[in-house]
Every structure is written in C-alpha cells, then in structure tokens.
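Please read this briefing alongside the sequence and the structure. The points are grouped by topic.

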Amino acid sequence: MKITSVRAVYPKYEHTVPSWRTHLWQIVVQVETDTGQTGWGYGGGGKAAVEIVNGHFAEILVGRSVNSVSDISDIWDSLYTESIPYGRKGVAIMALSGVDLALFDALGKAEGKPVAHLLSDSTKRELRCYATGPDTDYYAELGFTAQKMPHRWAGDESVDQAVADAERMREAFGPEAEVMFDVYMSWDSEATLKMHEALKHVGIHWYEDVLTPDDLREIGNLRRKIRPVNMAGGEHEFTHHGFAEIARAQAYDIWQPDITWCGGITAGLRIVEIAKDAKADVVPHRGGEPWGLHLIAAADCADFAELLPGVRGGGTDDLWKGAPKAVNGYISIGDVPGFGVEPNEDLL
C-alpha cells in the first residue's frame, strides 16, 4: 500500500498537563493509504510538531510504500536524516514518533493483526500495571499492586513528606508491592543520598529522573551509591542514539523511553536491543497506553506498564476510543488490528 496523505492535529484539550501549558501536549497523526487503511498515531511536541508533520514530513511521505515493518524502519531513517538540521532530539523526534506509530497502525490494519503481532509471534497476553499519581488509597481500591509517587524537592521538609508518602504506599499495597518515586529532575546529588538514607526502611524499587538528562555521568555515580534501589530515567531522551549515550555512561538500571516521544515503535525496538547489551530493563514511560503496551507485549521489556489513573473524581480528556483498561492491576492488548484505538472526533 502507498501513503496518500499525512495530517497532524492538535486536539482541543480541556485537561492539559500543567507543566506543558496549553500548546505543548500530545498531537494526533493520521496517515491514509491507497488501500483504504487509516493509521492513527500519537506524538509529542504540541503545535510546533503539527507544523513539522504537515509540512516537511508530509512532503517526504506521500507516495511512499508501506508493506512491512522493514519499510517503516526505512521511512524512519529517511525522516530522521532529513530533519537532522533542526532535529535529532526534541520536537522533531516527537513529531516523528507520531508518524511512526500511525504507520504501524495502518500496517497492522492492512495485515489484520495487532501491532504487537507484527513485531513478534510470541507476545505477552496480560501485563502488570503500576499507577502513577498521588492518590494511594484510590489506586489500591482499583486493584493496583504498585505505585509511583510524584515528588518535588522543596527543602528539607521534603524528606519527611517523602517518608510519609512511602510508608503510606507500603501500608496500602503490602510488603511485596513496588514503591517508586518520580522526582522530575528536582533533586541534586546531596538530596538523592539524603532521601535514600531516609527511605531505606521502606524498600524503594526505583528513583526516577533525579537529575537532568544532561548529567548522565553523575547519575551513574549516584546509581552505584543507592544500590539495591534502582536508578530509572530516559523519558526525556530521544532515539537509540541518545540511549546509546545512556549505555556508555551506565547511568540507569531501568530505561524509560516514551514511545510517543523517543521515535515511536521503530526507535523503541532499537532501544530494547541496546538495553539487552547494557543489561538494563526497559519500562516505557506511560507504557500502559496502547503505543507502549504493544512494545512491552512483543519485545524484551519488563512486564510492568505505567498508567496514570488521575485522582478520585478528577477529570480527563477521553481522546482515544477503544484503549484497553486495567482490571485488578493487569492489562492486555486485545485482538483488534493495529493499536485497536480510534480518536474521539469531538476533540479533534
């Protein structure tokens, strides 16, 4: 089949993540083909990424053939190379992610297979999930057995708050549960070691994004000092080239590429291969969403998918129809061809 059109849209969000403001959140990418398949993808980069897809990338893509995973890989390399003068990381790769995922969705529909089955004949059917957010009791009631708590350093009082949060999670989920902290680059080396000492009695599975992604060498140093707690990160890294730098620095035990930002499924597959050589686990950021879920199901990723259930009574934008839901802390990809989702047209 051949690509006949490519279009990106910035949805009409009502519940944008505050740190991304109103114009930087996720984009929807639509790819249409001459055989009638429409592929849908999810990318990052907001309104700036829409311009890249509808301009530069669309000019390159229309008329290209997509009949195999190998064809998608070739297209990825072409778009990456053409965008090097303004790309390599950031918005351009977030835009490329949306295109890549839309191509996989179209190919899955053409083949009558879920995307995971395009990648492997042997897939995981049911995947364990963890909840990210502050509402511990709510997540326990939903059946989750693991939680990642958002935490920001605000001075020494943050230590007591982290201990209280960790003890509450451990009490709610039990002694065998995984308890994690996402500190979103708000700690420094001193804070990391102080927190590690204060939280030893709880048993933490990982600390995530303790420093910025430009501090890989120091993250690697801290990684050795906080064992057996794992050092996690990578959501703000891009492509297999970026993760090769993580491997060289031996920065993380757990790699967290976001499949809608790092370059899509194509980049995800390449990152997984590098991780195997580095003896690191891959736990995709927001991996419980369809895009990461199919990679986890088919590739050598850890059986651990992140979901963001929000808080009890909170509002969300229901952008994707058909997205699988977690039941008692587990989720499955289903048998629908492609990623199995369609966008809510009211939000486009």
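**Backbone outliers**

Arg286 counts as buried because its relative accessibility is 5%, under the 20% cut-off. The model is a predicted one, and Arg286 is a residue other than glycine with a positive phi, near 55°. Arg286 lies in the loop between strand 10 (281-282) and helix 11 (290-298).

- Arg88 also has a positive phi, near 80°, and is a residue other than glycine.
- The loop that holds Arg88 runs between helix 2 (69-82) and helix 3.
- Arg88 is partly exposed, because its relative accessible area of 47% falls between the 20% and 50% cut-offs.
- The peptide bond that joins Arg227 to Pro228 is cis, and its omega is near 10°.
- Pro228 sits in the loop between helix 8 (216-225) and strand 8 (230-233).

**Overall fold**

- The protein chain contains eleven helices and 14 strands.
- For 348 residues, a compact globule would be expected to have a radius of gyration near 20 Å; the protein chain has 20 Å, so the two agree.
- The C-alpha trace of the protein chain spans about 60 × 40 × 40 Å along its principal axes.
- Buried residues make up 55% of the 348 residues of the protein chain.
- Among contacts in the protein chain with a separation of 6 or more, 69% are between residues 24 or more positions apart.
- The protein chain has an accessible surface of about 14400 Å², and carbon and sulfur atoms account for 48% of that surface.

**Helix 3**

- Helix 3 covers residues 91-111, which is 21 residues; at 1.5 Å a residue the helix should span 30 Å.
- The end C-alpha atoms of helix 3 are 31 Å apart, which agrees with that expected span.
- Of the 21 residues of helix 3, 17 are buried, so by the under-20% cut-off the helix is mostly covered.
- Gly112 follows helix 3, and the phi of Gly112 is positive, near 70°.

**Strands 4 and 5**

- Strand 4 (residues 127-132) pairs with strand 5 in the parallel sense, over two bridges.
- Within this part of the model, Thr132 stands opposite Lys148 in strand 5.
- Strand 5 (residues 146-150) has four of its five residues buried, so the rest of the structure largely encloses this strand.

**Cysteines**

- How many disulfides does the structure hold? The number of disulfides is zero.
- The closest cysteine sulfur to that of Cys129 belongs to Cys301 and is 14 Å away, which is too far for a bond because a disulfide needs the two sulfur atoms within 2.5 Å.
- Cys301 takes part in no disulfide, and its nearest cysteine sulfur, that of Cys262, is 10 Å away.
- Is Cys129 buried or exposed? Cys129 counts as buried, because its relative accessibility is 0%.
- Cys301 is buried because its relative accessible area, 8%, is under the 20% cut-off.

Definitions and conventions
Residues numbered from 1 in each chain as written. Predicted model: local features only at pLDDT ≥ 70, side-chain atom pairs only at ≥ 80, totals over all residues. Heavy atoms only, no water. Expected span 1.5 Å × (residues − 1). Buried < 20%, exposed > 50% of the residue type's maximum accessible area, 1.4 Å probe, protein only. Rg over C-alpha atoms; globule rule 2.2 N^0.38 Å. Contact = heavy atoms within 4.5 Å. Areas by Shrake-Rupley, 256 points an atom, 1.4 Å probe, with all protein chains shown as cover. Pairing = 2+ DSSP bridges.
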